[in-house]
Amino acid sequence: MNREDLRKVLKDMNEGYKEMSKEFEDKTDYELDTSGLNCPLPIIKTKKELNTMKIGETLKMISTDPGAVADIESLCNSLKQGLEKTVEEDNKFIFIIRKTT
C-alpha cells in the first residue's frame, strides 16, 4: 500500500470521527503531541510514555509524520498494547492507545 492509498484509507476512516475529537480528549488519560518530530522520535516518546502508564489507561498520541501510522501500529503490536483508534485530522495523525500489559 503506498502513501496515497494509506491517506485515502485514513481519510475514509476519519469521516465518522470528526465529532469524536473532543470525546477523545475527555476519555484519554494522557496526551502526547509529537507534531513536527520525525521518525524515530514519535515512537521513542510514545514508548517512554507508555512505560509510565498503568494498565487500562489510555494515551492520545498526535503526530504530523505520515510514517507514524505504520510505526505506531508496529509498536503497539510488538509491545502488545491496544491501538484503539487512528484518525487523520487537519494533517495530523491521532492515535488512541490503551495500555494492556
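This report describes the fold, the nonpolar core and one helix pair of a predicted model.

## Overall architecture

The protein chain contains 4 helices and 4 strands, and, read along the sequence, these elements follow the pattern α-α-β-α-β-α-β-β. Among the contacts in the protein chain with a separation of 6 or more, 70% are made by residues 24 or more positions apart.

Of the 101 residues of the protein chain, 37% count as buried. The accessible surface of the chain comes to about 6,200 Å², and carbon and sulfur atoms account for 49% of that surface.

## The largest nonpolar core

The largest nonpolar core has 15 residues, of which Ile72, Phe95 and Ile97 touch the most other members. Two or more residues are given to this core by each of helix H3 (41-52), strand E2 (58-63), helix H4 (68-79) and strand E4 (92-98), and the largest share, 5 residues, comes from H4. In soluble globular proteins, nonpolar side chains tend to be buried together.

Phe95 illustrates the surroundings of one such core member: leaving aside its neighbours within four places in sequence, Phe95 is in contact with Leu59, Lys60, Met61, Ser63, Ala68, Val69, Ile72, Leu83, Lys85 and Thr86.

## Leu59 in strand E2

Leu59, one of the contacts of Phe95, is placed in strand E2. Is this residue, Leu59, buried or exposed? Leu59 counts as buried because its relative accessibility is 0%, where the cut-off for that class is under 20%.

Although Leu59 and Phe95 are 36 residues apart along the chain, their C-alpha atoms are separated by 7.8 Å. When neighbours within four places in sequence are left aside, the contacts of Leu59 include Thr28, Tyr30, Glu31 and Leu32, together with Thr46, Glu49, Leu50 and Met53; Phe95, Ile96 and Ile97 are also in contact with Leu59.

## Packing of H3 against H4

Helices H3 and H4 pack at an angle of about 35 degrees, their axes lying 10 Å apart, and H3 passes H4 in a right-handed crossing. On the H3 side the contact involves Ile43, Thr46, Lys47 and Leu50, which meet Asp71, Ile72, Leu75 and Leu79 in H4. By residue class, this contact of H3 with H4 divides into 5 nonpolar, 1 polar and 2 charged residues.

Some of these residues also appear in the contacts described above: Thr46 and Leu50 of H3 are among the residues in contact with Leu59, while Ile72 of H4 is in contact with Phe95.

Notes: Residues numbered from 1 in each chain as written. Predicted model: local features only at pLDDT ≥ 70, side-chain atom pairs only at ≥ 80, totals over all residues. Heavy atoms only, no water. Core = buried A, V, L, I, M, F, W, Y, C linked by side-chain atoms within 4.5 Å. Buried < 20%, exposed > 50% of the residue type's maximum accessible area, 1.4 Å probe, protein only. Contact = heavy atoms within 4.5 Å. Areas by Shrake-Rupley, 256 points an atom, 1.4 Å probe, with all protein chains shown as cover. Axes fitted to C-alpha atoms, helices over the stretch in contact; angles between N-to-C directions. Left-handed = near helix turned anticlockwise from the far one by under 90°. Nonpolar A, V, L, I, M, F, W, Y, C, P; charged D, E, K, R; others polar.
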